[in-house]
Amino acid sequence: MKEFNMEEYRQSEYEADPVFLNRWSPRAFQEKEIPENDLFSLFEAARWAPSAFNAQPWRFMIARTKEERERFYSFIMEGNLAWCRKAPVLALIMSKKTTDQGPSSSHGFDTGAAWANLSIQAAKKGLITHAMGGFHREQARALLNIPEDYQLHAVIAIGYQGDKSELPETLQEREKPSGRMSLDDILFEHEFSKPAKR
């Protein structure tokens, strides 16, 4: 497995913990089982994410056995199946769209925070994650008996990084860390599109 010189791909403009720069989303997985304590530590990290009114709208459904993963494959789109079949664990992340007080406007935002916690904990455990939006949501809902009150966001492949040479040729070139936009492109001050002074 090729180790990347991350500085070749990613450089921070200000100091940030290296885990944020070193975390990326490979597609090459090893067919290697994840110890239960390591796997569940990811979801432990996710459950401590912040949420509006502490509603904790995130929910996860995992597939760890061959039979469970095969069920997930039935609703994952072909382009993602080309690489995610080697991942030992798949997890569907969803959020509850209502609270006891009525519709929630922050369920997706809050669940994104839980996903971020999960992905960073995975990186700290030597695991990789790759979130996929390419799946048939209503097919997954029906197959897994998920109530309408939950929005399905992504399927996450979880495991150990493999060798990119085992990927389809069309994906091998893409198997590298991606860069990020500058702070000037995402951080504004006074009014929209005026970069923050720094």
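**Close-up views of a predicted model**

**View 1. Strands 5 and 6 pair in the predicted model.** Strand 5 and strand 6, the latter spanning residues 150–159, run antiparallel and are joined by 5 bridges. Within this pairing, I128 is placed opposite G159 of strand 6. In general, the strands of a sheet pair through backbone hydrogen bonds, in either a parallel or an antiparallel manner.

**View 2. Four strands form an open sheet.** The order of the 4 strands is 1-2-6-5, and their pairing is antiparallel. Strand 1 (58–63) and strand 5 (128–132) stand at the edges; each has a single partner strand, so one side of each is left without a neighbour in the sheet. On average, and with direction ignored, neighbouring strands of this sheet are turned by 25 degrees against each other.

**View 3. Helix 6 packs on the sheet.** Helix 6 comprises residues 107–124 and touches strand 1, strand 2 (89–96), strand 5 and strand 6. The direction of helix 6 makes about 155 degrees with that of strand 2.

**View 4. The largest pocket holds about 590 Å³ of space.** This pocket is lined by 20 residues, of which Q11, S12, F20, L21 and R180 are the closest to its centre. Two or more lining residues are given by each of helix 2 (18–22), helix 6 and helix 9 (183–186). Helix 6 supplies the largest share, 3 residues. By residue class, the lining of the largest pocket consists of 10 nonpolar, 5 polar and 5 charged residues.

**View 5. K125 and D38 form a salt bridge.** The closest N and O atoms of K125 and D38 are 3.5 Å apart. This salt bridge links distant parts of the chain, the two residues being 87 residues apart. K125 lies in the loop between helix 6 and strand 5, whereas D38 belongs to helix 3 (residues 36–47). For the model, the count of salt bridges comes to 10.

Definitions and conventions: Residues are numbered from 1 along each chain as its sequence is written. This is a predicted model: local features need pLDDT of at least 70, side-chain atom pairs count only at pLDDT 80 or more; totals for chains, interfaces and linings use all residues. Side-chain values use heavy atoms; hydrogens and water are left out. Two strands pair if DSSP finds at least two bridges between them. Axes are lines fitted to C-alpha atoms, for helices over the stretch in contact, and angles run from 0 to 180 degrees between N-to-C directions. Contact means heavy atoms within 4.5 Å. On a 1 Å grid over the protein atoms alone, a cavity is a set of points where a 1.4 Å probe fits but cannot get out, and a pocket is an open set with protein on both sides within 12 Å along at least five of seven lines; lining residues have an atom within 4 Å of a point. Grid points are joined across faces, edges and corners, and a volume is the space filled by probe spheres set on the points. Ala, Val, Leu, Ile, Met, Phe, Trp, Tyr, Cys and Pro count as nonpolar, Asp, Glu, Lys and Arg as charged, and the others, Gly among them, as polar. A salt bridge is a side-chain nitrogen of Lys or Arg within 4 Å of a carboxyl oxygen of Asp or Glu.
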